Amino acid sequence: MADSASLRGQLCTEQFGSRAPRGCHAAADGSLQWDGARRWGWLSGAPTAKPGQDAGGGGGPWAALPVLSGLRAVLLPQGFPDSVSPDYLSYQLWDSVQAFASSLSGSLATQAVLQGLGVGDAKASVSAATSTWLLKDSTGMLGRIIFAWWKGSKLDCNAKQWRLFADVLNDIAMFLEIMAPMYPIFFTMTVSTSNLAKCIVGVAGGATRAALTMHQARRNNMADVSAKDSSQETVVNLGGLLVSLLMLPLVSSCPSLSLGCFILLTALHIYANYRAVRALVLETLNESRLQLVLKHFLQTGQVLEPASANRMEPLWTGFWPSLSLSLGVPLHHLVSRQKQPSASPMDSGECRNSWPPKVHRINGGCRPSLPVAYTSPSKAHGKLWNKGQEVCKIWKIR
């Protein structure tokens, strides 16, 4: 019994990001057992302990269903779910739904472009179709370079917003391709504009995917997470191709039916993208999340958790005001209607009876500023320092 008790002693602990640390114990059979491990049924790849049974022994659903175990090994990163972020599964499920809808929409768009180029038409000119295709590709190449130069530095910090923007722009591009054959005079210009948008989508989508992979990988396994994401996308696209083979013969003879199917698939695509992006809980501070954290702190004195900040974060690029932090602003510079918050965490008696007071405010563009005035800089500095340490513990700040 003593030996058994000693084996169950804690061997080590690990912690990833802002998640709580967990300990590792030795089970009776010598296997390792992690405390507080997340369980996802057959997906987790680790057996769930029953009452009175060690977690290291026995079988699980994967033992009885080797096919599920094989799928887990092929499609999920090694060590799942502990090797990825907690939001990995929900994001990937919705991302697979949007990829499936996008695959079907892309098939409809490709059929329309080929029809506009003259495939199946004996009167169509091969040289004209080639010129249109080359012009379309060259326009997209130039757009890819210009967009990467213009917005490349913004894609990392606002990964969620640009990810959603890229998918919406991709739907617009496919809509232009479907409408192009209906207006033959403007066909070349329409498909060139569509390809320009798709190249922008490629830059924005690829860059934000890399940023999200860095967020999801928790054991220096970015390559594994990226490779398994590619495998998941390939499986979804294969399913989309099979469904497209059945769908295209039914809608090819009726442009209105094809357009109706595209609208339904686009609605599903945008909804799945929104749910996928909203499921992400990024633990780093960008401009919008920093503004939410500071505003919540000045109003309540508490540091906003990453999950709450991500739920409140706007998802449309450029729809939030730019953050402006002014330190030591004279009191008369504040607008008369801006009153000191009564629930300010720094208003504890030492924030009065001094002139000129030190004023800290957060100015959100045209929105009212949130001023905080101190008369004892040393006490205020100590409080801010303590809260800063708390922010560093909750958010990924080194």
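Salt bridges, then. A search of the whole structure, which is a predicted model, finds 8 of them. Side chains of opposite charge can pair when their charged atoms come close. I will go through a few of these pairs and one helix packing.

Start with Asp-229 and Arg-209. Their side chains meet in a salt bridge, at 3.6 Å from N to O. Where do the two residues sit? Asp-229 is in helix 8 and Arg-209 is in helix 7, and the pair links parts of the chain that are distant, 20 residues apart. Are they buried or exposed? Asp-229 has a relative accessible area of 9%, and buried means under 20%, so Asp-229 is buried. Arg-209 has 12% relative accessibility, so by that cut-off Arg-209 counts as buried too.

Now the two helices that hold this pair. Two packed helices are described by the angle between their axes and the distance between the axes. Helix 7 covers residues 187-216 and helix 8 covers residues 222-251; the angle is about 120°, and the axes are 9 Å apart. An angle from 65 to 115 degrees would count as roughly perpendicular and one over 145 as roughly antiparallel, so helix 7 and helix 8 are oblique to each other. Their crossing is right-handed.

Which residues meet there? From helix 7 we have Arg-209, Ala-210, Thr-213, Met-214 and Gln-216, and from helix 8 Met-222, Val-225, Ser-226 and Asp-229. By type, the contact is made of 4 nonpolar, 3 polar and 2 charged residues. Arg-209 and Asp-229, the salt bridge partners from before, are both on that contact list.

Helix 8 has another salt bridge, between Asp-224 and Lys-228, with the closest N and O atoms 3.3 Å apart. Asp-224 and Lys-228 are 4 residues apart in helix 8, so about one helical turn separates them. Lys-228 is buried, at 15% relative accessible area. Asp-224 comes out at 21%, and since buried means under 20%, Asp-224 counts as partly exposed.

The last pair is Arg-289 and Glu-313. Their closest N and O atoms are 2.9 Å apart, in a salt bridge. Arg-289 lies in helix 10, residues 287-300, while Glu-313 lies in the loop between helix 11 (306-312) and strand 4 (324-327), so this bridge ties together parts that are 24 residues apart in sequence. Both Arg-289 and Glu-313 are buried. What else joins them? Salt bridges that share partners put Lys-160, Arg-289 and Glu-313 into one network.

Key: Residues are numbered from 1 along each chain as its sequence is written. This is a predicted model: local features need pLDDT of at least 70, side-chain atom pairs count only at pLDDT 80 or more; totals for chains, interfaces and linings use all residues. Side-chain values use heavy atoms; hydrogens and water are left out. Axes are lines fitted to C-alpha atoms, for helices over the stretch in contact, and angles run from 0 to 180 degrees between N-to-C directions. Helices (H or I, at least four residues) and strands (E, at least two) are DSSP runs, numbered from the N terminus. Angles under 35 degrees count as roughly parallel, over 145 as roughly antiparallel, 65 to 115 as roughly perpendicular and the rest as oblique. A crossing is left-handed if the near helix is turned anticlockwise from the far one by less than a right angle, and right-handed if clockwise. Contact means heavy atoms within 4.5 Å. Ala, Val, Leu, Ile, Met, Phe, Trp, Tyr, Cys and Pro count as nonpolar, Asp, Glu, Lys and Arg as charged, and the others, Gly among them, as polar. A salt bridge is a side-chain nitrogen of Lys or Arg within 4 Å of a carboxyl oxygen of Asp or Glu. Buried means under 20% relative accessible area, exposed over 50%, partly exposed in between (1.4 Å probe, protein chains only).
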